[in-house]
Amino acid sequence: MPHEIIIDSHHGTPHIHPPRKDGSPVDILARSMEQVREIVYRHSERKQNVVYQELLEELR
Amino acid sequence: MIIRFEQTQTVSEFLDEIKRRYGGETGLRSHLERRPRDVLAAEDLEDLEYYTAHPELQFEKIRRAVSVIPVTEKALSIFSPERLKLLDVLSYKKFGSIRQLAKYLGRDVHNVYEDLKRFQSLRVLEFERGPRNSRIPRLLAHSITIIPRGSASAKAVEVT
């Protein structure tokens, strides 16, 4: 399980960084960081893990 | 909790950063030919083209941020006393190499390098090439903010 989820907004549009640098950052839907955080927390509590591809779908 | 590393720079500082990081526009294009899936580099190129075409914006401020959402307690280890001291020292002092920095901190050079790589992956700092292929760590982040869960300030911190 990754220890953290990294989101950057270096170019305006937010990107999620794949855990363990497994690939390039991917665009996600623009929303407030609070919403992103809640999606990540709900996902990790539900899955007891971070399933990256599923989390990506939830953030898109 | 959200840990937010923020960097504010002018357009002309951004253009200097592109030169340092990729060796200019040609270097950036070659980088993208080698790594076509590097989204951030692709957007660096997009920004570079835009700002090169709009020199009147050179003093415009750009605000960039990396937000870390901790999923486990181990994520908080980025704020160990050693790592905080490392960031603090880099904020006011320059070093010619990682070895010099490690010596100044009284720490093992490999451990310092690992910490620097961790912060580099968060774009909190970058390495510049120095003499004899040494790597010079340079702090990019101007502020680090901790936003607790349920804090109203998270609503104000938009990622767009």
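Two residues count as being in contact here if their C-beta atoms, placed from the backbone, lie within 7 Å. Keep that in mind as we walk through this structure, which is a predicted model.

Let's start with chain A. Chain A has 2 helices and 3 strands, and if you trace the chain from the N terminus, you meet them in the order β-β-β-α-α. How compact is chain A? Its radius of gyration is 11 Å, and the globule rule gives 10 Å for 60 residues, so chain A is as compact as a globular protein of that length. If you boxed up its C-alpha atoms along the principal axes, you'd need a box of roughly 30 × 25 × 20 Å.

Now over to chain B. Chain B is split into two domains: domain 1 covers 9-65, and domain 2 covers 68-147. Measuring between their C-alpha centres, you'd find domain 1 of chain B and domain 2 of chain B 23 Å apart.

Three helices of chain B are worth a slow look, pair by pair. Take α1(B), residues 11-22, and α2(B), residues 24-34. Their axes are 8 Å apart and the helices pack at an angle of about 55°. Angles under 35 degrees count as roughly parallel and 65 to 115 as roughly perpendicular, and α1(B) and α2(B) are therefore oblique to each other. The crossing of α1(B) past α2(B) is left-handed. From α1(B), the contact uses Ile18(B), Lys19(B) and Tyr22(B), while α2(B) brings Gly24(B), Gly27(B), Leu28(B) and His31(B). Sorted by class, that makes 3 nonpolar, 3 polar and 1 charged residues.

Next, pair α1(B) with α3(B). Here the axes are 11 Å apart and the angle is about 130°, so these two helices are oblique to each other as well. Once again, α1(B) passes α3(B) in a left-handed crossing. On the α1(B) side you'll find Val11(B), Phe14(B), Leu15(B) and Ile18(B), and they meet Asp44(B), Asp47(B), Leu48(B) and Tyr51(B) of α3(B). This contact has 6 nonpolar residues, no polar ones and 2 charged ones.

That leaves α2(B) and α3(B). How do these two helices lie relative to each other? Their axes come within 10 Å and cross at roughly 150°, which makes α2(B) roughly antiparallel to α3(B), because over 145 degrees is where that label applies. This crossing is left-handed too. Now use the contact rule from the start: Glu25(B), Leu28(B), Arg29(B), His31(B) and Leu32(B) in α2(B) meet Ala41(B), Ala42(B), Asp44(B), Leu45(B) and Leu48(B) in α3(B). By class, you get 6 nonpolar, 1 polar and 3 charged residues. Some names should ring a bell: Leu28(B) and His31(B) of α2(B) also touch α1(B), and Asp44(B) and Leu48(B) of α3(B) also meet α1(B).

Finally, let's see where the two chains come together. The contact takes 27 residues from chain B and 27 residues from chain A. Which elements of chain B give two or more residues to this contact? They are α3 (39-53), β2 (61-70) and α7 (153-156). The biggest giver is β2(B), with 7 residues. On the side of chain B that touches chain A, there are 14 nonpolar, 4 polar and 9 charged residues. And notice that α3(B) turns up twice in our tour: α3(B) gives residues to the side that touches chain A, and α3(B) also packs with α1(B).

Definitions and conventions
Residues are numbered from 1 along each chain as its sequence is written. Chains are lettered from A and ligands numbered from 1 in the order in which they are written. This is a predicted model: local features need pLDDT of at least 70, side-chain atom pairs count only at pLDDT 80 or more; totals for chains, interfaces and linings use all residues. Domain bounds come from an automatic or database domain assignment. Axes are lines fitted to C-alpha atoms, for helices over the stretch in contact, and angles run from 0 to 180 degrees between N-to-C directions. Helices (H or I, at least four residues) and strands (E, at least two) are DSSP runs, numbered from the N terminus. A crossing is left-handed if the near helix is turned anticlockwise from the far one by less than a right angle, and right-handed if clockwise. Ala, Val, Leu, Ile, Met, Phe, Trp, Tyr, Cys and Pro count as nonpolar, Asp, Glu, Lys and Arg as charged, and the others, Gly among them, as polar. The radius of gyration is taken over C-alpha atoms; the globule rule is 2.2 Å times the number of residues to the power 0.38.
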